[in-house]
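Me: I'm in my first year and still learning to read structures. Could you take me on a close look at one sheet and what surrounds it?

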Amino acid sequence: MKAHYLKGIRFADFTWAGAGSFSTKIFADYGAEVIKIESTTRVDPVRAGGPFKDGIAGLNRSGYFASRNTGKRSIALNLKSEEAREAVRELIRKSDVVSNNFGPGAMDRLGFGYEAVRAIKPDIIYLSMPMYGEDGPLSGMLGLGMTISAVTGLMSLTGYHDGPPLGPGTHYPDHAANPYHAAFAVIAALRHRRRTGRGMKIDLAQVESTINIVGPAVVEQALTGQEPVRTGNRSPHHAPHNVFRCKGEDRWCAVAVLTDAQWRALADVIGAAGLAGDPGLATAAGRLARVDEVEAAVARWMADRDAEAAMAALQRAGVPAGVVADPQTLMERDPQLRHRGYWQHLDHPELGVATYTSPPYRLDGERVELERPPLIGEHTDAVLGGILGYDAARIAALRKSGAIEA
Amino acid sequence: MTKTEASPPSVVERPYDDVRVIDLTHHLGAYATRLFADLGAEVIRVEPPAGRADRGAPAVPGLGGDVPFVFLNANKRSVGLDLTGAAGRGVLADLVATAQIVVLEAEERALLPLVLSVPGARVVTVVSHFGLDGPYADYAGSDLVTQSLGGITWMSGLPGQPPLRIAGGQAGFVTSLYTAAATALALYDVEVNGGGSHVIDVSAQECIAHSLQNALQVWDLERRISIRGGEGTRDATEQVLACADGYIFLACGLPLPMSWKALVAWFQEEGHPGGKRLAEPDWADRVKRTTRAMRDEFRAMFESFAAKRTKAELRAEALKRRIILAPVSSISDLPHDPQLIFRRYFHDLPHPAAGRGLRFPGAPYRLSEPVWRIDRPAPLPGEDTDLVLRAAPRAAAAGGGAR
C-alpha cells in the first residue's frame with residue numbers, strides 16, 4: 001500500500017550522511033514531499049561511500065545512500081551562490097519543515113539558521129541534530145556514530161563479560177536512536193502546529209538522544225553508586241544465556257534460558273539428564289554459580305549441529321533460541337522475513353533492481369510501499385519550475401552560472 | 001480537535017495533551033509509550049492489581065519495579081484491573097473507548113480481540129518479537145535472541161571470538177522507537193485525513209534488521225559480508241585504544257583527511273616515532289589500512305603515545321586540533337561530562353514512595369516550546385485507578401472489575 005498520510009507536507013531537507021537522512025526518509029515513505037538539497041561539489045558522504053552497484057563507484061550507485069533516501073526528491077545547488085540561496089529561501093517559504101544534521105553554526109553560515117528561517121516562515125518546524133548540542137564547551141567536537149557510542153556509555157557497556165569495552169560494531173546511534181527520536185519529534189511538532197499554529201525548533205543533540213537508550217544504566221548507576229558491569233552475551237539474572245558455536249564456518253546460535261521451566265526443557269533437548277536432575281541447577285541462582293559448566297554442556301551439544309536445526313529443536317521445546325544471522329542469511333534464508341514480505345525490490349536507473357527493507361511493521365495487514373531514491377539533482381528543474389515557478393530561461397541561466405549543479 | 005487559529009503562547013498545551021494511550025506493553029513497547037507521555041499524553045498502564053510481569057522485582061523498596069521498569073514507565077499512570085473476569089474486561093473496553101491509541105505487546109495478545117471490538121477510530125499497535133504471523137510467530141524471543149535473528153549480534157565483537165549483542169536491552173529500544181513513529185503517523189492519518197482505524201503489527205526482528213548500517217546493501221550490491229571487528233572494512237585508526245586512565249575512540253581514516261593530517265602533525269610535534277612512520281607510503285593506502293597488521297601496528301603506536309595522557313587531556317587536544325577522538329565514558333563518568341553539565345542535561349526526579357530522588361537522562365530533543373517534561377515516577381500498581389475511572393464516566397459506570 002502507498003501510505004501517503006502526509007500528502008501536502010513539504011520538507012526543505014539539508015540532511016545528509018547516515019543519521020540525518022534516515023530521520024527524514026520515513027516522511028518521504030509516508031507521502032511527504034521531501035526535497036533533498038544536495039551538491040555535486042560537496043557530495044553527501046554516503047553517495048561517495050559504498051557499497052556500490054557491482055562495486056563500481058558513482059554518485060548514483062551507492063546502496064547506503066539508496067537505503068536512506070527512498071521516495072525523496074533531489075535538487076543540486078551550489079549554496080555558495082546567492083542565486084541558489086535565494087531559491088532555497090523561496091523553497092523554505094513554501095515548506096513545513098527544514099531539517100539538517102550539520103555541526104553547530106553551519107546553517108547560520110549558509111544563512112539558514114533558525115532565526116533567519118523563522119523570519120521567512122514563522123511557523124516553520126526546524127530540526128537540527130548536531131552531535132553534542134549547539135552550545136557548550138564540547139559543542140565543537142567532531143564526531144561519528146561511534147564517537148557518540150563512546151561518550152554516552154554505550155561503548156563502555158558493550159563488550160565481552162571478561163574483556164575491555166568494544167562498543168557496537170556499527171555507528172549504531174545513527175541507525176535507530178537518533179533518526180527515530182528525530183522523526184518522532186517532528187511528527188509531534190506537526191501536531192502541535194496544527195493545534196496551536198506555532199512551529200518549533202527541535203535541537204536534537206545526538207549524544208543527549210543516545211543517552212536515553214542507555215537510560216536504565218544511568219538510573220541504576222545513580223541508585224547503586226556502582227558502575228554497571230559488562231555482561232556481553234551473558235545475563236546477570238539468567239543462565240545459560242550466550243551464543244554458541246555451531247557446525248560450519250563462523251555459525252552461531254543464541255540461547256537465552258529465562259525460566260526454570262525453560263532450563264528443564266533445554267536439558268531435555270540436549271540430553272543432559274545429569275544436569276536436569278541436579279537440584280543445584282534447578283534455579284537461576286544455582287546455574288549462575290556454575291555458569292561455565294552449564295554453558296559447556298550447551299556448547300557440546302551445539303558444536304556439531306546446524307544452527308537453524310538447533311534453533312528449531314530448542315524453540316519446539318519453548319526455549320528462546322535464534323541463529324546469529326549474517327546479512328546473507330537474513331536476506332536469503334530467513335523464512336520469517338520472507339513470509340512477511342519484508343524485502344522490497346525497487347528498480348532504479350543506475351542501481352538496477354536492488355533490495356530494500358520495508359518499514360519494520362505491517363500496517364493494516366500490508367507493507368508500506370517504498371519509492372526509489374533519487375538521482376542527484378533529478379528534480380532540480382521540477383522543483384524550481386513546478387514549486388517556485390521559475391521559467392526555463394531562468395533555470396538555464398542558473399545552470400550556466402553554476403548556481404544549479406545538476 | 002484541530003484549531004484553525006493561532007492561540008497565544010502557553011505552557012499548557014503540549015503536543016499530545018489531549019491524547020489517551022492505553023499501555024499494555026512489556027519490554028519491547030514500553031519506551032514507545034513513554035515518548036508519548038513525555039510530550040503530554042495520558043498513558044495508562046492497565047494491569048493486574050498486583051502489577052504486570054514487566055515490572056520485575058523492585059530495585060529498592062517502594063520503587064514498584066526493577067530499574068528498566070522505572071526508566072521505561074516514568075510519566076505513566078496505572079489502573080489495576082482483574083482482566084480474567086468479565087467485569088474487568090468491560091472496564092478495559094470502556095477505557096479503550098476513551099483512547100486514541102492502544103499499544104499492546106504479544107504477552108497480552110489474548111486481549112487483542114477485545115481491544116479491536118471497541119467502536120471508534122483509533123490506532124492499535126501490536127508489538128512482538130517476530131510479528132503476528134509466519135513460521136516464527138510463536139517463537140520465544142528475548143533481547144539476545146532477537147538481536148541475533150535480526151542480524152545485529154553478527155555485527156559486533158572481535159574476529160575469532162563470538163558475535164556480540166549490543167548492551168542495555170537494545171532490542172526494546174530499537175523496537176520502541178519504530179513503534180512510536182509508526183503509531184504517531186497512523187494517528188496523524190486518523191486525525192487529519194479521517195483515515196479510520198489502523199492496526200500496526202510491529203516485528204522487533206524487522207526493526208533490528210532495519211538498523212544494520214549498510215551491511216545488507218554490502219551483500220546485495222557487492223556480495224560481501226561485513227565481518228565483526230572491522231577487519232577488511234574499518235580503518236586502522238578507527239578503534240578503541242587505551243590511554244592513562246581508560247580508553248578513547250579514534251577515527252582518522254583517509255576519508256577524514258583533516259583528522260588524519262592533524263593526528264600525524266601532533267605525533268610529529270611531540271617527537272613520537274609514529275610521526276615519521278605514519279608519513280610513509282603504506283599509510284596512504286586505504287585498503288592496506290584495513291588489514292589486521294596495520295590495525296595492530298597503529299594500536300601499539302597510539303597506545304605508547306597515549307600511555308601518559310588522560311582521556312580528558314586527549315579530548316582537549318583533539319578538540320583544539322580538530323581530530324575525531326572521544327573518551328570512552330563509563331556511565332559513572334556521564335554526570336561529570338562538562339558538556340552535559342553545561343547543558344544541565346540530567347534530571348532529578350523525586351520518588352516519594354521510595355523516599356529518594358532518581359537521576360534521569362534529560363530529553364532526547366530540546367524543543368523551543370516548553371512541552372517536554374518528566375514529572376512523575378513510574379506508577380505503583382493501580383496507583384491511579386480511582387483517579388482515572390472517576391474521570392471516565394462510562395468506565396466508572398461499568399465499575400465492578402476495578403480494584
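**A small tour around one sheet**

Reply: Happy to! In this predicted model, strands 7, 8 and 9 of chain A form an open sheet of three strands in the order 7-8-9, with antiparallel pairing. Strand 7 (241-245) and strand 9 (321-323) of chain A are at the edges with a single partner strand each, so each has one side left without a neighbour in the sheet. Going from one strand to the next, the twist averages 20°.

Now look at how strand 8 (residues 252-256) of chain A meets strand 9 of chain A: three bridges join them, and they run antiparallel. To find your place, look for Ala254(A), which stands opposite Gly322(A) in strand 9 of chain A.

What packs on this sheet? Helix 16 of chain A does, touching strand 8 and strand 9 of chain A, and its direction makes about 165° with that of strand 9 of chain A. Helix 5 (residues 143-150) of chain B packs on the sheet too, touching strand 7, strand 8 and strand 9 of chain A. The direction of helix 5 of chain B makes about 20° with that of strand 9 of chain A.

Step back along the chain from strand 7 of chain A and you come to a loop. Pro240(A) has its place there, between helix 11 (215-224) and strand 7 of chain A. A cis peptide bond joins Ala239(A) and Pro240(A), with omega about -5°. Another cis peptide bond joins Gly50(A) and Pro51(A), with omega about 0°; Pro51(A) lies in the loop between helix 2 (45-48) and helix 3 (63-68) of chain A.

Next, follow helix 16 of chain A to another helix. Which residues of helix 12 (residues 260-269) of chain A are buried? They are Gln262(A), Trp263(A), Leu266(A) and Ala267(A). These residues cover an arc of only 135° around the axis, which puts them on the same side of helix 12 of chain A. The general idea is a handy one: an α-helix has 3.6 residues a turn, so residues three or four places apart point the same way. Among the elements covering the buried residues of helix 12 of chain A are helix 13 (273-276), helix 14 (284-289) and helix 16 (307-316) of chain A. Just after helix 12 of chain A, you can find Gly271(A), which takes a positive phi of about 70°.

Strand 8 of chain A, residues 252-256, also leads us to the largest nonpolar core. That core has 247 residues, and Cys253(A) is one of the three that touch the most other members, along with Val186(A) and Ala181(B). Helix 6 (residues 170-192) of chain B gives the most to this core, with 13 residues. The core also draws at least three residues from each of domain 1 (20-212 + 347-398) and domain 2 (230-336) of chain B. Try picking out Val186(A): leaving aside residues up to four places away in sequence, Val186(A) touches Val97(A), Ile125(A), Leu127(A) and Ile202(A).

Finally, here is some background on chain B, which supplies helix 5 to the packing on our sheet. The secondary structure of chain B comes to 15 helices and twelve strands, and buried residues make up 55% of its 403 residues. The C-alpha centres of domain 1 and domain 2 of chain B lie 41 Å apart.

Note on methods: Residues are numbered from 1 along each chain as its sequence is written. Chains are lettered from A and ligands numbered from 1 in the order in which they are written. This is a predicted model: local features need pLDDT of at least 70, side-chain atom pairs count only at pLDDT 80 or more; totals for chains, interfaces and linings use all residues. A nonpolar core is a set of buried Ala, Val, Leu, Ile, Met, Phe, Trp, Tyr and Cys residues joined through C-beta atoms within 7 Å. A residue is buried if 20 or more other C-beta atoms lie within 10 Å of its own, exposed if 12 or fewer, and partly exposed in between; C-beta atoms are placed from the backbone. Helices (H or I, at least four residues) and strands (E, at least two) are DSSP runs, numbered from the N terminus. Domain bounds come from an automatic or database domain assignment. Two residues are in contact if their C-beta atoms, placed from the backbone, lie within 7 Å. The arc is that of the directions from the helix axis to the C-beta atoms. Two strands pair if DSSP finds at least two bridges between them. Axes are lines fitted to C-alpha atoms, for helices over the stretch in contact, and angles run from 0 to 180 degrees between N-to-C directions.
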